[in-house]
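This report covers selected side-chain interactions and packing. Please keep the sequence and the model in view while reading.

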Amino acid sequence: MSFVNLHVHSAQGSLLDSILTTKQIVDYAKRNNQYAVALSDHGTMHASLNLVNDCQKAGIKPITACEIYECDNHLEHNSEDKYNHLLLIAKTTDGLHNLYKIVSEGYINGFYRKPRVSVQWIKDNELGEGIICLTACQAGRISRCLEVEEYQEAESFINLLKDTFDYVALEIQSHPTEVQLKMNTLIVSFANRVGLNYVITSDAHMEKADQIDTHSIF
């Protein structure tokens, strides 16, 4: 079984934050014998059709996802309302439709600097069905809580996620930085504490390490 990356950004969707086209994403997965690949752009899904078309041509499975901006109350617009990253993956057709509704809500009613949506709103509207939830990168609420030892808030948020989505897992990432390695240790320990699995992703915004300077132009 080969590695499948569930956390990938495209230039078409994650504007000014990725230099990868969906075709480059799919070609990389194909060259490395990956049978599937996800697209998880920031707050939008408008490049997902490109991924599906490119995957069909390459004979691999497209995985539709979105790294949403979640906050406590997306209907309130003020500078104190902080947003966090949260990765949602469509597991079923119903889950895909629910994900469309979640992302649309962020733009229609929750747009303030970013297209935000609250997990409580997702729960209240029963839109977590058919969706897998991963806790995202260092900009996710769980990572931010663990970094400052706010374990009670982290557990409370995890319980909300478990009550909302079909499946929830902690996310650790393969970036060899001191901060990420420390965070991975905290996340694995927390996963054991709350009895959840964790998955390994690579928060991909470029194809090769030598493209860092090119990416930094954005």
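Arg-116 sits in strand β5, which spans residues 114-117. The model is a predicted one. Is Arg-116 buried or exposed? Its relative accessibility is 0%, so Arg-116 counts as buried, the limit being under 20%. The side chain of Arg-116 reaches the backbone oxygen of His-74 at 2.8 Å. His-74 is also among the residues in contact with Arg-116 once neighbours within four places in sequence are left aside. That list further includes Tyr-69, Cys-71, Asn-73, Glu-76, His-77, Asp-81 and Tyr-83. Glu-105, Gly-106 and Gly-110 complete it.

**Aromatic pairs**

Two of the contacts of Arg-116, Tyr-69 and Tyr-83, lead to the aromatic rings. The model has two aromatic pairs. Tyr-69 and Tyr-83 form one of them, in an edge-to-face arrangement. Their ring centres are 5.3 Å apart, with 85° between the planes. Tyr-69 lies in strand β2 and Tyr-83 in the loop between β2 and β3, so this pair ties together parts that are 14 residues apart in sequence. Tyr-69 is buried, with a relative accessible area of 7%. Tyr-83 is partly exposed, at 28%.

The rings of Tyr-107 and Phe-111 also pair. Why is this pair tilted? The centres are 5.8 Å apart and the planes meet at 35°, so the pair falls between the stacked limit of under 30 degrees and the edge-to-face limit of over 60. Tyr-107 counts as partly exposed, at 39% relative accessibility. Phe-111 is partly exposed too, at 40%.

**Salt bridges**

Charged side chains come next. Side chains of opposite charge can pair when their charged atoms come close. How many salt bridges does the model hold? The count comes to five. Three of them are tabulated here with their closest N to O distances.

| Salt bridge | N to O distance |
|---|---|
| Lys-23 and Asp-27 | 2.8 Å |
| Asp-72 and Arg-141 | 3.0 Å |
| Arg-141 and Glu-153 | 3.9 Å |

Take the Lys-23 and Asp-27 salt bridge. Both residues lie in helix α1, residues 22-31. They are four residues apart, about one turn of the helix. Lys-23 is partly exposed, at 48% relative accessibility. Asp-27 is partly exposed as well, at 28%.

Turn to the salt bridge between Asp-72 and Arg-141. Asp-72 lies in the loop between β2 (61-70) and β3 (84-90), and Arg-141 in helix α5 (residues 141-147), so the pair ties together parts that are 69 residues apart in sequence. Asp-72 is exposed, with a relative accessible area of 56%. Arg-141 is buried, at 12%.

Arg-141 also forms a salt bridge with Glu-153. This pair links distant parts of the chain, from helix α5 to helix α6 (residues 151-164), 12 residues apart. Glu-153 counts as partly exposed, at 37% relative accessibility. Which residues do salt bridges with shared partners join into one network? They are Glu-70, Asp-72, Arg-141 and Glu-153.

**Nonpolar cores**

Nonpolar packing completes the interior. In soluble globular proteins, nonpolar side chains tend to be buried together. The largest nonpolar core here has 34 residues. Leu-86, Leu-88, Leu-161 and Phe-165 have the most contacts inside it. What does Leu-161 touch, beyond its neighbours within four places in sequence? Leu-161 is in contact with Leu-86, Val-119, Cys-133, Thr-135 and Val-168. A second, separate core has 13 residues. Among them are Val-37, Ala-47, Ala-58 and Ile-60.

**Strand β1**

Val-37 belongs to the second core and also to strand β1, residues 36-39. In a regular strand the side chains alternate between the two faces of the sheet. Strand β1 has Ala-36 and Ala-38 pointing one way. Val-37 and Leu-39 point the other way. All four are buried. How do β1 and β2 run, parallel or antiparallel? The two strands run parallel, joined by four bridges. One bridge partner pair is Ala-36 in β1 with Lys-61 in β2.

Technical notes
Residues are numbered from 1 along each chain as its sequence is written. This is a predicted model: local features need pLDDT of at least 70, side-chain atom pairs count only at pLDDT 80 or more; totals for chains, interfaces and linings use all residues. Side-chain values use heavy atoms; hydrogens and water are left out. A nonpolar core is a set of buried Ala, Val, Leu, Ile, Met, Phe, Trp, Tyr and Cys residues joined through side-chain atoms within 4.5 Å. Buried means under 20% relative accessible area, exposed over 50%, partly exposed in between (1.4 Å probe, protein chains only). Contact means heavy atoms within 4.5 Å. A salt bridge is a side-chain nitrogen of Lys or Arg within 4 Å of a carboxyl oxygen of Asp or Glu. Two strands pair if DSSP finds at least two bridges between them. A polar contact is a pair of N or O atoms within 3.5 Å; within protein, one must be able to donate a hydrogen and the other to accept it, and residues adjacent in sequence count only if both atoms are side-chain atoms. Rings of Phe, Tyr and Trp (its six-membered ring) pair if their centres lie within 6.5 Å; planes under 30 degrees apart count as stacked, over 60 as edge-to-face and the rest as tilted.
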